[in-house]
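Here is a short note for a colleague who has not met this structure before. Please read the numbered points with the model open.

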Number of protein chains: 2
Amino acid sequence: MRADAKRNLDKIVSAAAEVMAERGVSAPMEAIAKRAGVGVGTLYRRFPDRDSLIAAVGDHYVHTMAAALDEAASSGADAWNAIWDFVTWAAAPGRAALATALAVLPEEAIVDREEFARAREGWVRRFDELVRRAQAEGSMRADVGVADLIHLLQVFTCHPDRLPEPVASQPARYLHLMLDGMKAGAATPAA
Amino acid sequence: MRADAKRNLDKIVSAAAEVMAERGVSAPMEAIAKRAGVGVGTLYRRFPDRDSLIAAVGDHYVHTMAAALDEAASSGADAWNAIWDFVTWAAAPGRAALATALAVLPEEAIVDREEFARAREGWVRRFDELVRRAQAEGSMRADVGVADLIHLLQVFTCHPDRLPEPVASQPARYLHLMLDGMKAGAATPAA
DNA sequence: GTTAAGCGGAATATCAGATTCCGGTTTCCC
DNA sequence: GGGAAACCGGAATCTGATATTCCGCTTAAC
């Protein structure tokens, strides 16, 4: 692969990640190409169909998230604070497409992409361990689980267009509210 | 207006409310017409543009909600429980388009529709009073407000397509989690 | 300097949904 | 009961937004 081709490939993946974060996984190919400073033709040469592009973006995100989670988990804080920190990180501006990397990816796009599946599973597992640790510590109620956290992250970190304005602009505020609801003793047992 | 015309008008508004609940305010006109058991032509004769239809649906919902809120508020329970009950009602299946009636309505669509604006404002005001009452009672934290409740209601009661599956199918679970986070003492102060 | 890999983006193909139109029905009033 | 006015349904048509292709022009690489 020629050097310029490689360069463009990288630009395309980053651009796609950004644009998909803003407009959802089905953002126009042309918008992605433009953001990457590249012609649509180049985009199509590299990624013959949208799914392959989504998959590439997915890789990008899973790895980024896994790293952030590990950092929060190993910061020495207790499990509850590690979760709090990770959620805060995930809600930061520019992280909007988190959802993309989670479950939103069309099944077809990730079939056979073992590396991706492995990374994702690893991330989920470690997140789950953290949650269980927090519950064991007595800081998180026992009737909620990683799944709830992941789903809520998806909801609050999806493309801003899909959220009411104040929520879109302060996802952290709302995620923290939800975390407060997940605190041990906060609560009426969840249904 | 001829009797059959009136009949169709009603069918159209109910159908629109349902379909918009499921597919969002920009659901295809044809889908709405079909649900109403009416031709697209009829739909267009009554509502020349989508906004007028949205406005009609809005009226429909605001009144329904206002009634539900008033009922919860006057049930004799304390303010916190009234809120809890209302939120539960709003999250019940078939109520999905709540968002439609709140702020999602395009401004243009409601300009000059004073009756609607008045109903909505009345609803918001009474909801706000309830919230303040709960705070005065000491059951709800003081750093959140009706706006937060309304926005989160919007998030969790929007068209199911826009939410991750588990959230879409159990909005009440997540809304209750949110309420738990809003309980007095639950919490780290919201940002 | 040559050439194959790579590029941009205009042109074209698709598709979903909006909107129009009119021949065929219903109401409703006399 | 009868006829005009008001209504219908939905096929046909129009549009706008994207996807996808294609090919003459560039540029890295040797």
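1. Ground rules. This is a predicted model, in which local features need pLDDT of at least 70, side-chain atom pairs count only at pLDDT 80 or more, and totals for chains, interfaces and linings use all residues. Residues are numbered from 1 along each chain as its sequence is written, while chains are lettered from A and ligands numbered from 1 in the order in which they are written.

2. DNA strand D. The largest share of the surface near this strand comes from α3(B), with 4 residues. Helices here are DSSP runs (H or I, at least four residues; strands are E, at least two), numbered from the N terminus. In total, 22 residues lie around DNA strand D. Ala3(A), Gly41(A), Gly39(B), Gly41(B) and Thr42(B) come nearest. Two or more residues each come from α1 (3–23), α2 (29–36) and α3 (40–46) of chain A, and from α1 (3–23) and α3 (40–46) of chain B. A residue is near a molecule or strand if its C-beta atom, placed from the backbone, lies within 6 Å of it.

3. Classes at strand D. The surface near DNA strand D has 9 nonpolar, 5 polar and 8 charged residues. Ala, Val, Leu, Ile, Met, Phe, Trp, Tyr, Cys and Pro count as nonpolar; Asp, Glu, Lys and Arg as charged; the others, Gly among them, as polar.

4. DNA strand C. This strand is surrounded by 22 residues. The closest are Gly39(A), Gly41(A), Thr42(A), Ala3(B) and Gly41(B). α3(A) gives the most to the surface near DNA strand C, 4 residues. At least two residues each come from α1 and α3 of chain A and from α1, α2 (29–36) and α3 of chain B. By class, the surface near DNA strand C has 9 nonpolar, 5 polar and 8 charged residues.

5. Chain against chain. The contact takes 25 residues from chain A and 25 residues from chain B. Two residues are in contact if their C-beta atoms, placed from the backbone, lie within 7 Å. On the side of chain A that touches chain B, α9 (146–156), α10 (165–169) and α11 (171–182) each supply at least two residues. α11(A) gives the most, with 9 residues. By class, this side of chain A has 16 nonpolar, 5 polar and 4 charged residues.

6. Symmetry. A turn of 179° and a shift of 0.2 Å along the axis lay chain A on chain B with an RMSD of 0.1 Å. That is the relation of a two-fold axis. In chain A, the C-alpha of Gly181(A) is nearest the axis, 1.7 Å from it. Copies are superposed by least squares on the C-alpha atoms of residues with pLDDT of at least 70 in both. Of the interface residues of chain A, 96% are also interface residues in chain B, so the copies meet through the same surface.

7. Chain A overall. Chain A has 11 helices and 0 strands. Of its 191 residues, 40% count as buried. Buried means 20 or more other C-beta atoms within 10 Å of the residue's own, exposed 12 or fewer, partly exposed in between, with C-beta atoms placed from the backbone.

8. Two helices. Which residues of α5(A) are buried? They are Ala79(A), Trp80(A), Ala82(A), Ile83(A), Phe86(A), Val87(A), Ala90(A) and Ala91(A). Seen down the axis of α5(A), they fall within an arc of 165° (taken from the directions from the helix axis to the C-beta atoms), so they line one face of the helix. Helix α9 (residues 146–156) of chain B is mostly covered, with 9 of its 11 residues buried.
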